[in-house]
Amino acid sequence: SKFSLLARLFRMTLTTHAVTSLVIAKYLPWPIAAFFVSAFVHYLMDVIPHGDEFLYWRYIKNKKDKLPLTVAIIDILLMLGLCAAFYFLDKTLPWYLVVSAAVGGILPDLLINLHTQARNRFRNVYIGFGGKLEHVYHRFLQAHYKWHMWWHYLTKKTIRFRYGVAMQIIFLGIVFWYYRFRG
């Protein structure tokens, strides 16, 4: 179902990646640069253990489990709310810069979700020009998946989900305070 797509989106919270990207945008006010730097910083942040393995395991074991879906919905709503707050609290940040940085910050997780959705079609026989394009698309998703997971597994440490969320909430509070009052 379309709600299971939301549940699979959750890695480190999208909120954490988006808010970090907005701080980058404040100091790097070019949309294309903010997009690419935010995307790269996403991978650097994924090196930090964040407890999503348990949530994903719960989803894989029981697709009807409501916790992954609930967390994904709360995460998306919180991300949108904080992006709006950053935009309205800082009148110097143009909307296109906010969107560019936030999309760059969450894009790697969106690509992981596309990989998960397309994984069962990777063994297709590709016929014609459309098939060749699909093959290139699938190869890109596979290469990105390996790249993304390489960053995730640089530290082989896993932590409990609740500790990962608590750590990210503290991080978001510090970033928001710094951005609002010190930056």
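These are legends for several close-up views of a predicted model.

**View 1. A nonpolar patch sits on the surface.**
Five residues make up this patch: Phe-40, Leu-44, Trp-147, Trp-150 and Leu-154, covering about 500 Å². Two elements give two or more residues each, namely helix 3 (31-46) and helix 7 (128-152). Leu-44 belongs to helix 3. With a relative accessible area of 40%, Leu-44 comes out as partly exposed, because that label covers what falls between under 20% (buried) and over 50% (exposed).

**View 2. Phe-40 and Trp-151 meet edge-to-face, one of 9 aromatic pairs in the structure.**
How far apart are the ring centres of Phe-40 and Trp-151, and what is the angle between the planes? The centres are 5.8 Å apart and the planes stand at 90°. The pair ties together distant parts of the chain, with Phe-40 in helix 3, Trp-151 in helix 7, and their positions 111 residues apart in sequence. Is each partner buried or partly exposed? Phe-40 is partly exposed at 39% relative accessibility, whereas Trp-151, at 10%, counts as buried.

**View 3. Tyr-43 and Trp-147 make another edge-to-face pair.**
Here the ring centres lie 5.7 Å apart with the planes at 70°, and planes over 60 degrees apart count as edge-to-face, so that is the label this pair gets. Once again distant parts of the chain are linked: Tyr-43 is in helix 3, Trp-147 is in helix 7, and they are 104 residues apart. Tyr-43 is buried, with 9% relative accessibility. Trp-147 is partly exposed at 37%.

**View 4. Five aromatic residues join up in one cluster.**
The members are Phe-40, Tyr-43, Trp-147, Trp-150 and Trp-151. Phe-40, Trp-147 and Trp-150 also belong to the nonpolar surface patch.

**View 5. Arg-162 lies over the face of Tyr-163.**
What is the distance from Arg-162 to the ring centre of Tyr-163? It is 5.6 Å.

**View 6. Ser-21 is a buried residue in helix 2.**
Helix 2 spans residues 14-27, and Ser-21 sits within that run. Its relative accessibility is just 1%, so Ser-21 counts as buried. Which residues does Ser-21 touch, once neighbours within four places in sequence are set aside? The contacts are Ser-38, Ala-101, Ala-102 and Gly-105.

**View 7. Thr-155 is in the loop between helix 7 and helix 8.**
Helix 8 covers residues 161-182. At 28% relative accessible area, Thr-155 is partly exposed. Leaving out residues up to four places away in sequence, Thr-155 touches Val-47 and Pro-49. For a sense of scale, the C-alpha atoms of Thr-155 and His-17 are 19 Å apart, with the two residues 138 apart along the chain.

**View 8. Asp-90 is a buried residue in a loop.**
Asp-90 lies between helix 5 (66-89) and helix 6 (95-118). Its relative accessibility is 10%, and it counts as buried because the cut-off is under 20%. Beyond its neighbours within four places in sequence, Asp-90 is in contact with Lys-26 and Tyr-179. How far is Asp-90 from Glu-134, C-alpha to C-alpha? The two are 42 Å apart in space and 44 residues apart in sequence.

Methods. Residues are numbered from 1 along each chain as its sequence is written. This is a predicted model: local features need pLDDT of at least 70, side-chain atom pairs count only at pLDDT 80 or more; totals for chains, interfaces and linings use all residues. Side-chain values use heavy atoms; hydrogens and water are left out. Patches are made of residues with over 30% relative accessible area and no salt bridge: like charges are joined within 9 Å, nonpolar side chains (Val, Leu, Ile, Met, Phe, Trp, Tyr) within 5 Å. Accessible areas come from the Shrake-Rupley method with a 1.4 Å probe; for residues, only the protein chains shown count as cover. A salt bridge is a side-chain nitrogen of Lys or Arg within 4 Å of a carboxyl oxygen of Asp or Glu. Helices (H or I, at least four residues) and strands (E, at least two) are DSSP runs, numbered from the N terminus. Buried means under 20% relative accessible area, exposed over 50%, partly exposed in between (1.4 Å probe, protein chains only). Rings of Phe, Tyr and Trp (its six-membered ring) pair if their centres lie within 6.5 Å; planes under 30 degrees apart count as stacked, over 60 as edge-to-face and the rest as tilted. A charge sits over a ring if NZ of Lys or CZ of Arg is within 6 Å of the ring centre and within 35 degrees of the ring normal. Contact means heavy atoms within 4.5 Å.
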